[in-house]
Amino acid sequence: MTTRLFILLSLFLCFPASAKDSFKVCWSHYVGWEPWHYVDTSGTLKRWAEKYGIDVSIERVDDYVDSLERFTNGEFDACTMTQMDALAFPVAQGVDTSVLIVGDYSNGNDGLVSHEAKTVPDIKGSNVLLVKYSVSHYLLNRALSKSKMTENDVEIVDTSDALILEAFSKDKGVNMVTWNPILQRAVGETDANVLFDSSQLPGEILDVMVVKTGGDERLNKVLVGAWFEVMEKLQREDKAVLSAMAESAGVTLVSIIKQLDATKMFYSPRKAVRIAQSNSLFKAMNNVRAFCFEQGLMGDIEDVDALGISFPSGKVLGDSENIKLRFDSRYMEMAVNNQL
């Protein structure tokens, strides 16, 4: 074998032809994620992808649970979800998952509503529509707990977010837990009463973008760079961004602004890094994992500490030898330091 042929063969083995340069990302309707519509349609994502020599396509999936399942099954390389759903879906099925972007926390965007009840205790003995095992389920659990009630005091009816508003509108005897824009529409269109919302659980429901741990760094840089470029515009209340968000959500500009008012957005990467590295996140995740374990959402484990959750500080909840959920602030730190 000639020296040149040997070198070419070695290069082929080190850099196989199947090296991935195309990636798929998904997101679902929620005010904290609607900016991804502008990231896509404005050409921002394409420009960042070209910078790193890759192709990134982004798809809105209207059924939230479907998006989680498709990410878990490997159809998507990145997906928006709550930190709780990261535990309940990909992590529960053994997918080592990293939180790439901490986007916001719900500060009133998730709520328990009713046609007839005026307080949480009033729903005792009645049906509650929600996406089971989602943050809606978590919010109901916390709302009941604060009223010295348990899930045994109500009947939970698992309902897709794509169908939940219609089901709630048709039956005046049921209650519902959901998120915006559905929550806002329920209040506006049916005169429903908000009994409890996420502003009473500050910092406990985080909205994030996750990727598979050990995935392509180019994709991570593209997503973080494109996101915070648009966040800078949104912080200035850029009308093009707000209009794109409203169009995507199917609501008015006034509505999208009201939804943002109920959301604690981390417009700068510096603030997002601060949250990712905070002790409050560590405490919140301890509550969240306890709920997931009690509901059997963390897979076939017998102890809440069997799975590990790591944080940028180096702290770990659970087993440090079996980490499956990682809060990775490295790429957001790169954005802070203009290194993307």
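A salt bridge, as the term is used here, is a side-chain nitrogen of Lys or Arg within 4 Å of a carboxyl oxygen of Asp or Glu. Arg236 and Glu232 make one of these, with 3.9 Å between their closest N and O atoms. That pair is a handy way into the structure, which is a predicted model.

**Salt bridges**

By that rule, the count for this model comes to 16 salt bridges. Here are three of them, with the gap between the closest N and O atoms.

| Positive residue | Negative residue | Closest N and O atoms |
|---|---|---|
| Arg218 | Asp21 | 3.0 Å |
| Arg70 | Asp66 | 3.2 Å |
| Arg236 | Glu232 | 3.9 Å |

Let's start with Arg218 and Asp21, which form a salt bridge at 3.0 Å. Arg218 sits in helix 9 (residues 217-235), while Asp21 is in the loop between helix 1 (3-14) and strand 1 (22-27), so this pair ties together parts that are 197 residues apart in sequence. Arg218 is partly exposed, at 24% relative accessible area, and Asp21 is partly exposed too, at 38%.

Arg70 and Asp66 tell a more local story: both belong to helix 4 (residues 64-72), four residues apart, or about one turn of the helix. How open is each partner? Arg70 has 18% relative accessibility, and because anything under 20% is called buried, Arg70 counts as buried. Asp66, at 27%, is partly exposed. The two also belong to a wider group, since a network of salt bridges links Lys24, Glu59, Asp66, Arg70 and Glu75.

Back to the opening pair for a moment: is Arg236 buried or exposed? With 55% relative accessibility, Arg236 counts as exposed.

**A positive patch on the surface**

Which residues form the positive surface patch? They are Lys264, Arg270, Lys271 and Arg274. Helix 12 (residues 269-276) gives the most to this patch, with three residues. Lys271 is in helix 12, and at 39% relative accessibility it counts as partly exposed.

**A buried serine**

For something quite unlike a surface patch, have a look at Ser106 in strand 4 (residues 97-106). Ser106 has a relative accessible area of 0%, so it is buried. Its side chain makes a polar contact with the side chain of Asp110, at 2.6 Å.

How values were computed. Residues numbered from 1 in each chain as written. Predicted model: local features only at pLDDT ≥ 70, side-chain atom pairs only at ≥ 80, totals over all residues. Heavy atoms only, no water. Patch = residues over 30% accessible without salt bridge, like charges linked within 9 Å, V, L, I, M, F, W, Y side chains within 5 Å. Areas by Shrake-Rupley, 256 points an atom, 1.4 Å probe, with all protein chains shown as cover. Lys, Arg positive; Asp, Glu negative; His and termini not counted. Charge placed at Lys NZ, Arg CZ, Asp CG, Glu CD. Helix = DSSP H or I, 4+ residues; strand = E, 2+ residues; numbered from the N terminus. Buried < 20%, exposed > 50% of the residue type's maximum accessible area, 1.4 Å probe, protein only. Polar contact = N/O pair within 3.5 Å; in protein donor to acceptor, adjacent residues only side chain to side chain.
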